[in-house]
Amino acid sequence: MRTLLMYEPRGHAAMSGAILQPATRPDADYGVLFIEVSGLLPMCGHGTIGVATVLVETGMVPVTEPVTTVRLDTPAGLVSVDVRVEDGAARSVTLTNVPAFSVGLDLKAEVPGFGTVTYDLAYGGNFYAFVELDALGLPFDRAHKQETDHRGARDHGRDQRGRRPARPPRGPGRRGRQARLPRRPRLRRHPLPARHGHPPGWFDRSPCGTGTSARMAQLHARGQLALDTDFVNESFIGTRVHRATGRRDHRRGPARRRPDRHRTGLDHRHRPVPPRPHRPLPRRIPAVSAEHRDVPGPDGIRVTDYHTAGEPFRIVADGLPPAPGDTVAERCATAIGSGGSGTAPRSGPLDALRRFLVQEPRGHAGMYGGFVVPPDDDGAHLGVLFWHKDGFSTACGHGTIALAAWAVDSGLVPAGDGDRDVPVRVDVPSGRVTATVHRSGGRTTGVTFRNVPARVTARKVPVATGLGIVEVDLAHAGACYASVSARELGLAVDKASLPELTRVGREIRTALAGHPATWHPDGPLLSGVYGVILHEDLPDTPEGPRQRNVTVFADGQIDRSPCGSGTSARLALLVDEGRLEEGRVLTHESVAGTVFTGRAVPGGDPADGLVTEVTGTAHRTGTAYFTLDPDDTLGAGFLL
């Protein structure tokens, strides 16, 4: 269940959650297991706040106003939560954490690339390592987030291997096998604001509840935080949701000192910051402007999520703002706005809804989706506006596959009786695309789409990158794609190389801005490099060539699938090279190991371009109903 919920395409690398269980102790209302991508946690502060809110607002515990107390049985011990309730809604949450203590100060670890690193270790329901980023030579900004991610993971690994694990206290808050759960030190920064590196190297978006407890124990051990003193913590994205107070845990007795350890038992109460004058959101959080604050509307927005070969596709069919225009292309231009671009749209209702759905905490940096709009005419079943984390796109093969599957699965396009192929015609900003939904046993088993014609526009264009000069091929297939051999850059197409592949993909896209071969005769909407395909050859199959690729599209987003319209572009290039004869099939793999197959359709006028067909599978992953709380200062959300 954990992997189903946490892993893509339903979750993402920074996802966390909770599984409710029957309590094992009579003084608790519920038991809770905290989950994340890498495993289970003994305790989770922000998760506790979320669980208590859900229990109160869904009536799973008896609710009394103004304060309802919820007691949770966690692997770290009993946690008491006071929820302030008004009109049945949770307005603020105060949790009393398990006792926290300092394990050691000025400890040493050898971290590759940094040498000897000094850190403090403390417990607050989980173990945390506190490291001065300034001492590592890393500034505290978003540009260095990935580097700090990696260092946090390395420091975590060294502490786990290089010293005997510290043990949390036993007693009322620790019983039996619970003490054997994994304990993972995490990076924090002092002075605040702080950010938390979680294994295997991702960041807590909140100020981190258990990390705040551990931080207070560490500061108290250093004599920098007195008991009964308020402590305000701030997250990396600028949210400031906790005020905490530490007091002596009398069950543990006086503090004990040893030469290499300092333990002080503290109970920590995390309370929301009281109302204060409005202050602007940090620059990295895109606030919702006043004229678009009603997006998605008082009734929220319902979405259906699919994935195609691993790449998510979020479908919105109802509750959309108006999308003026007589064609899908005109509606796409409206969504982008006058003076905007596909990766930098102007503010408007459609873009506000896009940001609301694609950004954290509702989406993530790898999210993709589409707004279902009317088609150009009665010759198509539906139209769609494709969107991603940076804006809008004119073509999306994996989205077309998912949308066609959804249209038949939902009954928008009748499937009819028996096992048969169902045609679904979709108007996209680059033209009309025809999909064939394959059915067997009453289920959708695959989708083949015939793309708009693909054209090779340039060969061997020299581009300077940080890894040297490479030759790039350009082809249009609903959008413009630049293709380059990854091995010419000294790179392999694998998950370990993704950071470098992403960096060089962005370099190539930037270098080709304004190149004449990226211009489309139908105008600026279809012009400019949309994606960079970094590919490598694999052994041929009996049916034809086989390649693996990573497509870096928009402003550095990675396609989890083999890229549908990008596969059309690769087909055009392979045919132009004489490597894909009539009747042969390209087996196109993604870095995630998923597969599309593609072929060139015989016949047609070469002057119009090459007609291609791409086949893949799409699966429904869930439905969701998203709302925007008017008091939520994050507004549309954020991206990291």
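Author: Buried means under 20% relative accessible area, partly exposed the range in between, and exposed over 50% (1.4 Å probe, protein chains only). This is a predicted model, in which local features need pLDDT of at least 70 and side-chain atom pairs 80 or more, while totals for chains, interfaces and linings use all residues. Residues are numbered from 1 along each chain as its sequence is written, and side-chain values use heavy atoms, without hydrogens or water.

Reader: Thanks! Is Ser590 buried or exposed?

Author: Ser590 lies in strand 31 (residues 586–590); strands (E, at least two residues) and helices (H or I, at least four) are DSSP runs numbered from the N terminus. Ser590 and Gln547 are 43 residues apart in sequence, yet their C-alpha atoms are 8.7 Å apart in space. Because its relative accessibility is 1%, Ser590 counts as buried.

Reader: How much space lies in the largest cavity?

Author: A cavity is a set of points on a 1 Å grid over the protein atoms alone, where a 1.4 Å probe fits but cannot get out. The points are joined across faces, edges and corners, and the volume is the space filled by probe spheres set on them. The model has seven cavities of 30 Å³ or more. The largest cavity holds about 70 Å³.

Reader: Which residues that line the largest cavity are closest to its centre?

Author: Lining residues have an atom within 4 Å of a cavity point. Helix 8 (397–409), strand 29 (544–553) and helix 10 (564–577) each bring at least two residues to this lining. There are 14 lining residues, and those closest to the centre are His398, Tyr481, Tyr530, Asp559 and Cys563.

Reader: Cys563 catches my eye. What is its phi?

Author: You will find Cys563 in the loop between strand 30 (557–558) and helix 10. With a relative accessible area of 4%, Cys563 is buried. Its phi is positive although Cys563 is not a glycine, with a value near 75 degrees.

Reader: And Asp87, is that residue buried or exposed?

Author: Asp87 sits in the loop between strand 5 and strand 6 (89–96). Like a glycine it is not, yet Asp87 has a positive phi of about 55 degrees. Its relative accessibility is 73%, and therefore Asp87 counts as exposed.

Reader: How many residues of helix 8 are buried?

Author: Helix 8 includes buried residues such as His398, Trp406 and Val408. Just after the helix comes Gly411, with a positive phi near 90 degrees. Helix 8 is mostly covered, its buried residues numbering 12 of 13.

Reader: Which residue is the bridge partner of Thr69 in strand 5?

Author: Strand 4 (residues 67–74) pairs in the parallel sense with strand 2 (residues 30–36) over two bridges; strands pair if DSSP finds at least two bridges between them. On to strand 5 (residues 77–86), which runs antiparallel to strand 4 and is joined to it by eight bridges. A hairpin of two residues connects strand 4 to strand 5. In strand 5, Thr69 has as its bridge partner Asp82.

Reader: Which strands are at the edges of the open sheet with the order 7-8-9?

Author: Three strands make up this open sheet, and their pairing is antiparallel. Eight bridges link strand 7 to strand 8 (residues 115–123), and the partner of Lys108 in strand 8 is Thr118. Pairing on one side only are the edge strands, strand 7 (101–111) and strand 9 (127–130).

Technical notes
On a 1 Å grid over the protein atoms alone, a cavity is a set of points where a 1.4 Å probe fits but cannot get out, and a pocket is an open set with protein on both sides within 12 Å along at least five of seven lines; lining residues have an atom within 4 Å of a point.
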